[in-house]
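Work through the exercises below with the model open beside you. Try each task before you read its solution.

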Amino acid sequence: MTIEVDKAGDVAVLTLAHGKANALDTELCRELVAQLENAELNGTRAVVLAGRDGMFSAGVDLKRVSAGGADYVREFLPALSDAFLAVFGFPGPVVAAMTGHAIAGGAVLAAACDRRVLNARQGRVGVTELLVGVPFPLVALEILRCAYGTDRLPGLTFLAETYAGEEALARGLVDELAAPEEVLPRAIETATRLAAVPGDVFRHTKAQIHRPFDERIGEQRAGDDVYVEQVWSSAPALAAIEQYVRAHLGG
């Protein structure tokens with residue numbers, strides 16, 4: 001099991017439980033889509049997406065990409081975008097309980113949520129894909145654009161820096177800081193408060209906010225995904241990923 005499911009009143013708590021780093025691979029992405037589909041079918045009013053102690057998600061499992069090569073890339077990238085969209089498109093409130101670091105794809109996963117509560121003592125946030133040498137899928141960029149605005153997008157992506165605690169809060173990357181033991185309770189409290197809004201009202205308002213980003217994704221995803229897949233599966237990109245894994249992940 002890659003995701004643990006619990007209930008807190010009207011809130012479904014989905015806890016990523018996939019290795020030490022909650023690294024995003026095909027299996028975790030598909031399981032996240034399935035769990036959110038189940039939550040919607042069961043009439044769940046709100047969702048909290050949580051991580052392990054000290055780690056929300058370290059992003060894409062680059063070791064799997066390096067080992068699997070182009071064949072794995074073709075399987076994985078659509079699953080990754082689908083997982084981001086499943087969080088982003090859930091009709092009810094989704095709150096990220098950022099129990100620790102949210103890096104690269106992990107930061108995108110948090111950005112896809114409606115509110116974000118970060119571990120004040122152990123939690124860095126940043127989108128670092130360009131350091132690896134690969135581009136963002138369109139879905140990821142549009143989710144980041146929705147969460148943080150077009151003006152901040154170049155700084156977040158080009159500089160690929162990570163921010164902790166008060167700096168992450170000041171930059172608007174998270175909405176609230178909490179002590180480690182309070183991250184999940186505060187996220188559940190926020191989700192419960194948002195779930196008190198009539199469901200059809202919240203759903204319509206969320207759809208209005210997301211509409212321009214959803215439209216761009218609908219119009220441009222197919223073409224952009226082809227290009228991104230070509231780059232990720234190219235020999236230079238796979239070599240860069242392998243080098244990054246060896247230098248930073250002990251691969």
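This is a predicted model.

**Exercise 1. Overall dimensions**

Task: Compare the radius of gyration of the protein with the value for a compact globule of 251 residues.

Solution:
- Step 1. Take the reference. With 251 residues, a compact globule would have a radius of gyration near 18 Å.
- Step 2. Take the model. The protein has 17 Å, which agrees with the globule value.
- Step 3. Add the box. Along the principal axes, the C-alpha atoms fill roughly 50 × 40 × 40 Å.
- Step 4. Check burial. Of the 251 residues, 51% are buried.
- Step 5. Check the contacts. Among those with a separation of 6 or more, 75% join residues 24 or more positions apart.
- Step 6. Check the surface. The accessible area comes to about 11,200 Å², and carbon and sulfur atoms hold 52% of that surface.

**Exercise 2. Strand order**

Task: Find the order of the 4 strands in the open sheet, and name its edge strands.

Solution:
- Step 1. Start from the inventory. The protein has 10 helices and 10 strands.
- Step 2. Recall how sheets hold together. Strands pair through backbone hydrogen bonds, either parallel or antiparallel.
- Step 3. Pair S4 with S6. These two run parallel and are joined by 3 bridges. Gly 54 lies opposite Gly 100 in S6.
- Step 4. Pair S6 with S8. Residues 100-103 and residues 124-126 pair in the parallel sense, over 2 bridges. Ala 102 has Val 125 as its bridge partner in S8. Ile 103 has Gly 126 as its partner there.
- Step 5. Write the order. It reads S4-S6-S8-S9, and the pairing of the sheet is mixed.
- Step 6. Name the edges. They are S4 (54-57) and S9 (163-164), each of which pairs on one side only.

**Exercise 3. Cysteines**

Task: Explain why Cys 29 forms no bond with the closest cysteine sulfur.

Solution:
- Step 1. Set the criterion. A disulfide needs two cysteine sulfur atoms within 2.5 Å.
- Step 2. Apply it to Cys 29. The closest cysteine sulfur is in Cys 113, 14 Å away, so the gap is too far for a bond.
- Step 3. Apply it to Cys 113. The nearest sulfur belongs to Cys 146 at 12 Å, and Cys 113 is in no disulfide.
- Step 4. Count. The structure holds 0 disulfides.
- Step 5. Look at exposure. Cys 29 is buried because its relative accessibility is 1%. Cys 113 is buried too, at 4%.

**Exercise 4. Two helix residues**

Task: Is Gly 165 buried or exposed? Is Thr 190 buried or exposed? Place each residue in its helix and list its contacts beyond four places in sequence.

Solution:
- Step 1. Place Gly 165. The residue lies in helix H7 (residues 165-170).
- Step 2. Classify Gly 165. The cut-off for buried is under 20% relative accessible area. Gly 165 has 7%, so the residue is buried.
- Step 3. List the contacts of Gly 165. Leaving out residues up to four places away, they are Leu 118, Ala 120, Gly 123 and Leu 177.
- Step 4. Link back to Val 125. Gly 165 and Val 125 are 40 residues apart in sequence, while their C-alpha atoms are 8.9 Å apart in space.
- Step 5. Place Thr 190. Helix H8 (residues 183-195) holds this residue.
- Step 6. Classify Thr 190. Its relative accessibility is 6%, so Thr 190 counts as buried.
- Step 7. List the contacts of Thr 190. Neighbours within four places aside, they are Val 95, Arg 115 and Glu 176.

Methods:
Residues numbered from 1 in each chain as written. Predicted model: local features only at pLDDT ≥ 70, side-chain atom pairs only at ≥ 80, totals over all residues. Heavy atoms only, no water. Buried < 20%, exposed > 50% of the residue type's maximum accessible area, 1.4 Å probe, protein only. Pairing = 2+ DSSP bridges. Rg over C-alpha atoms; globule rule 2.2 N^0.38 Å. Contact = heavy atoms within 4.5 Å. Areas by Shrake-Rupley, 256 points an atom, 1.4 Å probe, with all protein chains shown as cover.
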